[in-house]
Amino acid sequence: MATRTSYLNLIKPDYSDAADIADINANMDTLDDKIKGIDSAAIDDTLVPTSDSGTIRNQLSQLANRIKAATGAGGWKDDPSTTLASLATLVSNLAIGSDVTWDGKKFTNTKLGISGLMDTNGYVSFGKNFGGLIIQWGKDATKSDGYGYVRLPVTYPNKIAGICFMEEDIPGKNLEHLSYYFLNNDHVEVFGQDASTAGIKINFMYISIGW
């Protein structure tokens, strides 16, 4: 902070004029009081911005209020619960799958709440963030009488919405398409046979959806 002498040297007063000196002293006293007020002004982070103008203290207080609001912390001086650096890391990990953990063919992403089994008979459970959506798939076969029993990889907690089949082609046979005749949250019973496929096991793949 500049001293009173440095201020005086700048304006080059007439030191022989008592009135001049008194006026300068009064102005310096006022300036000193203003500077002291700025030095000791406390930030009030409860002061919500209402305009783009105001005292330095109010402007700083309003900036502190916005910092507090942006971080969600209790005060503008407190550390935020999550930093921009940690958010950048999270986004990067999601993009490259670094937050996925594997146990054999099973995987889990706890940050997204997604899990699944990547196998011939498998599933992906998208978790609560996606309304509990589950997609399942697999490979199975009917018995020689045309009936089949599909045990789903996981049980739907609420409802199975549907299932779709794709049968293996049998040369020279006019295969009747498989259809289900009973849907359950953990299994599906199917049938698909006509005279040309009597006594033949029918291999098929399926995909199912539910939640």
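These are my notebook entries on a predicted model of one protein chain.

**Entry 1: getting my bearings**

I began with the overall make-up. The protein chain has four helices and 10 strands. Reading along the sequence, I met the pattern α-α-α-α-β-β-β-β-β-β-β-β-β-β.

Next I looked up the confidence values. The mean pLDDT of the protein chain is 84, and 81% of its residues reach 70 or more. Which elements have the lowest and the highest mean pLDDT? Helix α1, residues 4-11, has the lowest, at 58. Strand β4, residues 122-125, has the highest, at 98. I will keep helix α1 in mind as the element with the lowest mean value.

**Entry 2: surface and contacts**

I then turned to the totals for the chain. The accessible surface comes to about 13700 Å², and 57% of that surface belongs to carbon and sulfur atoms. Of the 211 residues, 27% count as buried. For contacts with a separation of 6 or more, I noted that residues 24 or more positions apart account for 45%.

**Entry 3: a nonpolar patch**

Which residues form a nonpolar patch on the surface? I found Ile-43, Ile-56, Leu-60, Leu-63, Ile-67 and Trp-76. Together they have about 530 Å² of accessible area.

I picked out Ile-43 for a second look. Ile-43 sits in the loop between α2 (18-40) and α3 (56-71). Its relative accessibility is 34%, so Ile-43 counts as partly exposed.

Ile-67, another member of the patch, led me to Lys-77. The C-alpha atoms of Lys-77 and Ile-67 are 8.8 Å apart in space, and the two residues are 10 apart in sequence. Lys-77 is found in the loop between α3 and α4 (84-96). Is Lys-77 buried or exposed? Lys-77 is exposed, because its relative accessible area is 65% and the cut-off for exposed is over 50%.

**Entry 4: a serine in helix α3**

Ser-61 lies in helix α3. I counted Ser-61 as buried because its relative accessible area is 0%, and buried means under 20%. What does Ser-61 touch, leaving aside residues up to four places away in sequence? Its contacts are Ala-42, Ile-43, Asp-44, Asp-45 and Leu-47. One of these is Ile-43, which I had already met in the nonpolar patch. Another is Asp-45, which comes back in the next entry.

**Entry 5: salt bridges**

I reminded myself that side chains of opposite charge can pair when their charged atoms come close. How many salt bridges does a search of the whole structure find? The search finds four, and I looked up several of them.

Asp-45 forms a salt bridge with Lys-68, with 3.6 Å between the closest N and O atoms. This pair links distant parts of the chain: Asp-45 is in the loop between α2 and α3, Lys-68 is in helix α3, and they are 23 residues apart. Both Asp-45 and Lys-68 are buried.

Asp-119 forms a salt bridge with Lys-105, and here the closest N and O atoms are 3.2 Å apart. Asp-119 lies in the loop between β3 and β4, while Lys-105 lies in the loop between β1 (101-103) and β2, 14 residues apart in the chain. Asp-119 is partly exposed, with a relative accessible area of 32%. Lys-105, at 47%, also counts as partly exposed.

Arg-151 and Asp-186 meet through their side chains in a salt bridge of 2.7 Å, N to O. Arg-151 is in strand β6, residues 147-151, and Asp-186 is in the loop between β8 (179-183) and β9 (187-191), so I was looking at a link across 35 residues of sequence. I noted Arg-151 as partly exposed, because its relative accessibility is 46%.

**Entry 6: strands β2, β3 and β4**

My last stop was a run of paired strands. Strand β2 (residues 106-109) and strand β3 (residues 114-117) run antiparallel and are joined by four bridges. What is the bridge partner of Thr-108 in β3? I found Ser-115. The hairpin of β2 and β3 has four residues between the strands, and in that hairpin Gly-113 takes a positive phi near 75°.

Strand β3 also pairs with β4: they run antiparallel, with three bridges. Gly-116 has Val-124 as its bridge partner in β4. A hairpin of four residues joins β3 to β4. Asp-119, which I noted above for its salt bridge with Lys-105, sits in the loop between these two strands.

Key
Residues numbered from 1 in each chain as written. Predicted model: local features only at pLDDT ≥ 70, side-chain atom pairs only at ≥ 80, totals over all residues. Heavy atoms only, no water. Patch = residues over 30% accessible without salt bridge, like charges linked within 9 Å, V, L, I, M, F, W, Y side chains within 5 Å. Areas by Shrake-Rupley, 256 points an atom, 1.4 Å probe, with all protein chains shown as cover. Buried < 20%, exposed > 50% of the residue type's maximum accessible area, 1.4 Å probe, protein only. Contact = heavy atoms within 4.5 Å. pLDDT = per-residue confidence, 0-100. Pairing = 2+ DSSP bridges.
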